[in-house]
Amino acid sequence: MTFTGQDHAMMARALQLAEHALFTTTPNPRVGCVIVRDGAIVGEGWHHQAGTPHAEVHALAMAGEAARGATAYVTLEPCSHHGRTPPCADALVRAGVGRVIAAMGDPNPKVNGQGMARLAEAGVATALGLLEPEARALNKGFLSRIERGRPWVTVKTASSLDGKTALSNGQSQWLTGPEARRDVHALRARSCAVLTGSGTVIADDPQLTVREVVTTRQPQRVVVDGALRTAPDAKIYDTSVAPTWLATAVADPARHAPYVGRGVKVVVLPAADGRVDLAALLQTLAGAGVGELMVEAGAGLNGALLAAGLVDEFRLYYAMSLVGHRAQGLFDRPELTRLADQTRLKLLDCRPVGADLRLSCLLEAAS
């Protein structure tokens, strides 16, 4: 189907609306809807939070009778099943909408084409694929969880220009400036969970909460601690602030007890080498609704995730400074003997953030 300039503009508006829920819809997708009649917007809305009315319902309520014969632009195929809310496909049919254009289909097995089919059966004209890449990017975590059974993994690093995250004595605060740190908090806020390792908890005692931007939801925290080296009274285990998972290879319930007593969810996932099985951990998190997983860790865990093929994206912050080759690096990787074996990245975005530089990159395999 050929889409018009107006079609593109209205879907772009629907995507803009969906972004309002960037921090709030987990584990549901971010969805926007615009209803247009005679070239004018008569209704619009977005899905605010899981368990609340979907984008189409908000848009139809605003449109009222003007929805009859109108075109609905929605960033994701309307749902066709009863969950915590009724099917949106049925609501569109009842409202008498004449045409529905969706940016993309919904891969959720409970929908997966059934929403568009229900509309077509009711005589509603349908079309798919308008601004689909933009819609997929907005919901990369939801799609990864449904299609691959694991979250979309973004590794965040902050370093000097020569790629060092801390001095050899461990001092790391602060390489980057306040604007970069605020940007990091925005990435945390859109993430379902933040993953870190035992070394970071021991060295920095971080909270890994969102404090620099406004959010109504804190991401879950996940600590990878194969040998249970972290102190149970570490800040990250304060579950009154945000939920925390602890992934370990230690199966002894007595050793879990101090963490469990603080409300921490302990999962035992040993790998053959006695460490935590990272692939199994990501599958477990996806099963719990985690779609976007942000990694704020040291070189060891960063390198292990990369080696296991579990990284999709990098958010790299560079301070305009040099600290020397003896300082700590970004990724613990085996030494290469051939340049042909280097890890290749695809640059998505490069921009200044305050006095620092931010790069967003995909692994070539994920692009």
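**Where two domains meet**

In this predicted model, domain 1 and domain 2 bury about 990 Å² between them, and 54% of that area lies on carbon and sulfur atoms. The size of an interface is often given in this way, as the accessible area lost when the parts come together. On the domain 1 side, three residues stand out: Phe23, Thr26 and Lys140 supply 60% of the area that domain 1 buries against domain 2, more than any other three residues.

To find your way around, follow the chain from one domain to the other. Domain 1 covers residues 5-141, and domain 2 covers 149-363. Their C-alpha centres are 34 Å apart. Where the two touch, domain 1 brings 10 residues to the contact and domain 2 brings 14.

Now let's look at the links across this interface. It holds 2 salt bridges, and 4 residue pairs are in polar contact, with both partners at pLDDT 80 or more. For the side of domain 1 that touches domain 2, look at helix H5 (132-138) and helix H6 (140-148), the elements that give two or more residues to it. Sorted by class, this side of domain 1 has 5 nonpolar, 3 polar and 2 charged residues.

Lysine 140 deserves a second visit. You met Lys140 above as one of the three residues that supply 60% of the area domain 1 buries against domain 2. What does the side chain of lysine 140 meet in a salt bridge? The partner is the side chain of glutamate 313, at 2.8 Å from N to O.

Terms used
Residues numbered from 1 in each chain as written. Predicted model: local features only at pLDDT ≥ 70, side-chain atom pairs only at ≥ 80, totals over all residues. Heavy atoms only, no water. Domains from an automatic or database assignment. Contact = heavy atoms within 4.5 Å. Buried area = accessible area lost by both parts, 1.4 Å probe. Salt bridge = Lys/Arg side-chain N within 4 Å of Asp/Glu carboxyl O. Polar contact = N/O pair within 3.5 Å; in protein donor to acceptor, adjacent residues only side chain to side chain. Helix = DSSP H or I, 4+ residues; strand = E, 2+ residues; numbered from the N terminus. Nonpolar A, V, L, I, M, F, W, Y, C, P; charged D, E, K, R; others polar.
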